[in-house]
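Reader: I'm new to this structure and would like a close look at just one part. Could you walk me through the salt bridges and what sits around them?

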Amino acid sequence: PIIWEIGDKNHAGYPANSVTLVAANILKIMASDGKEASNSDSNRKNYGNNRHVLSNIRQWLNKSGASWYTAMHGQDAPPNSTNVSYNPYDTQAGFLTGFSANMLAALLDTTLTVAKATVDGGGSETFTDKVFLLSKAEVGLGAENSISEGSLLAMFSSEASSRLCMPTADAVSNSGYTNASLSASQNWYWWLRSPGAGNSHRVRRVHSDGTEYDNYAYSGNYGLRPALNLPSNILVSDSPDSDGAYII
């Protein structure tokens, strides 16, 4: 089971009468995007692509089944063992695989904004997904390259402590990357959708202390903390379970 926190209600720019849920923990350790061997941009060739709308992680989040990967552009490549530094996921079932039919039907389409790197022309672009990564602006880290990618969610603030997040025990045990600090009892790093707009291959992430940093897109040792929107009239249990969570 995935434990979600209520990130906001009726958030500006999100679907009307929706409740935003954000994963309470880092659910998986994985790369944002794989290396693209045929890309003429040498950094994307060696370190992956930071244009979020084309990323492996975005596609995986919104697909079911093991055959989820489809090339998003002419130089795209799957996140296999050749293209990511750790934790390849090209043959792992997409994130939506384990969701019930009722949960899948309830997921709302959310239109989001993401900054574009200078090499991609700068500015921003919009996309629509059911499950998504948060942006710098949504977690209280401000604009990227003068682009505000949405607005602050209620669960976050300018305080670094609001962004601290630990991985689940499963995320740790399923990771091919190991580190003494990667444990279910310690805060870890997690990906945002925002690019490091000054380059073509670095993606913004939240550091283990809640501050902002960026890393190579192909780095498979950082965490997945997704978000989604549900209708506000969806029914939940009257009392919490043994995890302290209310069951949808």
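Author: Here is a tour of the salt bridges, with a short look at their surroundings.

Keep in mind that this is a predicted model. It holds 12 salt bridges, and we'll take three of them one by one.

Let's start with Arg225 and Glu5, whose closest N and O atoms are 3.4 Å apart. This pair ties together distant parts of the chain: Glu5 belongs to strand E1 (residues 4-9), while Arg225 is in the loop between strand E10 (222-224) and E11, 220 residues apart. So how covered up are the two partners? Arg225 has a relative accessible area of 2%, so it counts as buried. Glu5 comes out at 33% relative accessibility, and therefore it's partly exposed.

Next up are Glu138 and Arg193, with side chains that meet at 2.9 Å, N to O. Again the pair links distant parts of the chain, 55 residues apart: Glu138 is in the loop between E6 and H4, and Arg193 is in strand E7 (residues 190-195). Here both partners, Glu138 and Arg193, are buried.

While we're in that loop, have a peek at Ala143, which lies between strand E6 (131-132) and helix H4 (169-173). Its relative accessible area is 40%, so Ala143 is partly exposed. Setting aside neighbours within four places in sequence, Ala143 is in contact with Lys136 and Ser148. The C-alpha atoms of Ala143 and Ser194 are 9.3 Å apart, with their positions 51 residues apart along the chain.

The third pair is Asp214 with Arg204, and their closest N and O atoms are 3.0 Å apart. Asp214 sits in strand E9 (residues 212-216) and Arg204 in strand E8 (residues 202-206), 10 residues apart. Asp214 and Arg204 are both buried. This pair also has company: through shared partners, salt bridges join Lys136, Glu144, Arg202, Arg204, Glu212 and Asp214 into one network. Lys136 you've already met, as a contact of Ala143.

Finally, a glance at the nonpolar side of things. The largest nonpolar core has 50 residues, and Phe99 is among the members that touch the most others. The largest share of that core, four residues, comes from strand E2 (residues 18-23). Leaving out residues up to four places away in sequence, Phe99 touches Ile2, Trp4, Leu104, Leu107 and Leu228. Trp4 falls within strand E1 (residues 4-9), the strand that also holds Glu5 from our opening pair.

Technical notes: Residues are numbered from 1 along each chain as its sequence is written. This is a predicted model: local features need pLDDT of at least 70, side-chain atom pairs count only at pLDDT 80 or more; totals for chains, interfaces and linings use all residues. Side-chain values use heavy atoms; hydrogens and water are left out. A nonpolar core is a set of buried Ala, Val, Leu, Ile, Met, Phe, Trp, Tyr and Cys residues joined through side-chain atoms within 4.5 Å. Buried means under 20% relative accessible area, exposed over 50%, partly exposed in between (1.4 Å probe, protein chains only). Helices (H or I, at least four residues) and strands (E, at least two) are DSSP runs, numbered from the N terminus. Contact means heavy atoms within 4.5 Å. A salt bridge is a side-chain nitrogen of Lys or Arg within 4 Å of a carboxyl oxygen of Asp or Glu.
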